[in-house]
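Q: I'm new to protein models and would like to learn how to read one. Could you walk me through it?

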Amino acid sequence: MTSATPLNRYEDHMVNRLNEAVTLCAAVGLPSMRVVAGTFDMNIEEDDVHRALRSAAPYLGHVQVSDSNRYQPGAGHLDWPALVRTLLEIGYQGWLALEGRLRGDPVRALQQAVTVLRHAEPRQ
């Protein structure tokens, strides 16, 4: 898989939003070209992260998770139940990769991230 990964304006000036990554993927025209969505960068750049994910869904290949402060999920203010619900609604079946730093004891921080993400999943 080749990816178009939007980064926030403080890290890059070319591709900052998911729709820009989708445009790049469409222009390349290869089925292996996919969008990587990062929740930290989306928190900065997207007006509506849920709408952006829905629009990028046909090209979404990977999701990197970190909270609003680039620490593990649960350490900031992102709405994890809503984010996970959106990913489920669009049919995303790929991995959620932790991308960021860990606040506090590393084992506890990772346990917190797993707990936050698992509790965000709707129960059946």
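A: Sure, let's start with a term: a residue is buried when its relative accessible area is under 20%, exposed when over 50%, and partly exposed in between (1.4 Å probe, protein chains only). Here, D41 is buried, and so is R70. Bear in mind that this is a predicted model, where local features need pLDDT of at least 70, side-chain atom pairs count only at pLDDT 80 or more, and totals for chains, interfaces and linings use all residues. Residues are numbered from 1 along each chain as its sequence is written, and side-chain values use heavy atoms, with hydrogens and water left out.

Q: Which residue forms a salt bridge with D41?

A: A salt bridge is a side-chain nitrogen of Lys or Arg within 4 Å of a carboxyl oxygen of Asp or Glu. D41 pairs up with R70, and their closest N and O atoms are 3.8 Å apart. This bridge links distant parts of the chain: D41 sits in helix α2, while R70 is in the loop between β3 and α4, 29 residues apart. As for those labels, helices (H or I, at least four residues) and strands (E, at least two) are DSSP runs, numbered from the N terminus.

Q: What else does R70 form a salt bridge with?

A: R70 also bridges to E99, with the closest N and O atoms 3.3 Å apart. Again distant parts are linked, as E99 lies in the loop between β4 and α5, 29 residues from R70. Put together, E11, D41, R70 and E99 are linked in a network of salt bridges. R70 has one more quirk: its phi is positive, about 65 degrees, although it is not a glycine. And why does R70 count as buried? Because its relative accessibility is 18%.

Q: How many salt bridges are there by this rule?

A: The count comes to 7. Another one joins R17 and E46, whose closest N and O atoms are 3.7 Å apart. R17 is in the loop between β1 (2-4) and α1, and E46 is in the loop between α2 and α3, 29 residues apart, which again ties distant parts of the chain together. R17 is partly exposed, with a relative accessible area of 24%, whereas E46 is buried, at 11%.

Q: How do I read a nonpolar core?

A: In soluble globular proteins, nonpolar side chains tend to be buried together. A nonpolar core is a set of buried Ala, Val, Leu, Ile, Met, Phe, Trp, Tyr and Cys residues joined through side-chain atoms within 4.5 Å. The largest one here has 25 residues, of which L18, V35, A37, L53, L60, V63 and W80 touch the most other members. The elements giving two or more residues to this core are α1, β2, α3, β3, α4 and α5.

Q: Where is V35 found, and what does V35 touch?

A: V35 is found in strand β2 and counts as buried because its relative accessible area is 0%. For touching, use contact: heavy atoms within 4.5 Å. Leaving out residues up to four places away in sequence, V35 touches A4, L18, A21, V22, C25, Y59, L60, G61 and H62. By that approach, A37 touches L18, M42, L53, L60, H62, V63 and Q64.

Q: Which residues of helix α4 are buried?

A: An α-helix has 3.6 residues a turn, so residues three or four places apart point the same way. In α4 (residues 80-89), the buried ones are W80, A82, L83, V84, T86 and L87. They pack against α2 (39-45), α3 (49-56), β3 (60-65), β4 (96-98) and α5 (106-120). Just after α4, G91 takes a positive phi of about 80 degrees.

Q: Is Q72 buried or exposed?

A: Q72 is buried, because its relative accessible area is 1%. You'll find Q72 in the loop between β3 and α4. Not counting residues up to four places away in sequence, Q72 touches D67, L98, R101, L102, R103, A109, Q112 and A113.

Q: And where is T5 found?

A: T5 is in the loop between β1 and α1, and at 32% relative accessibility T5 counts as partly exposed. T5 touches V15 and V36, again not counting residues up to four places away in sequence.
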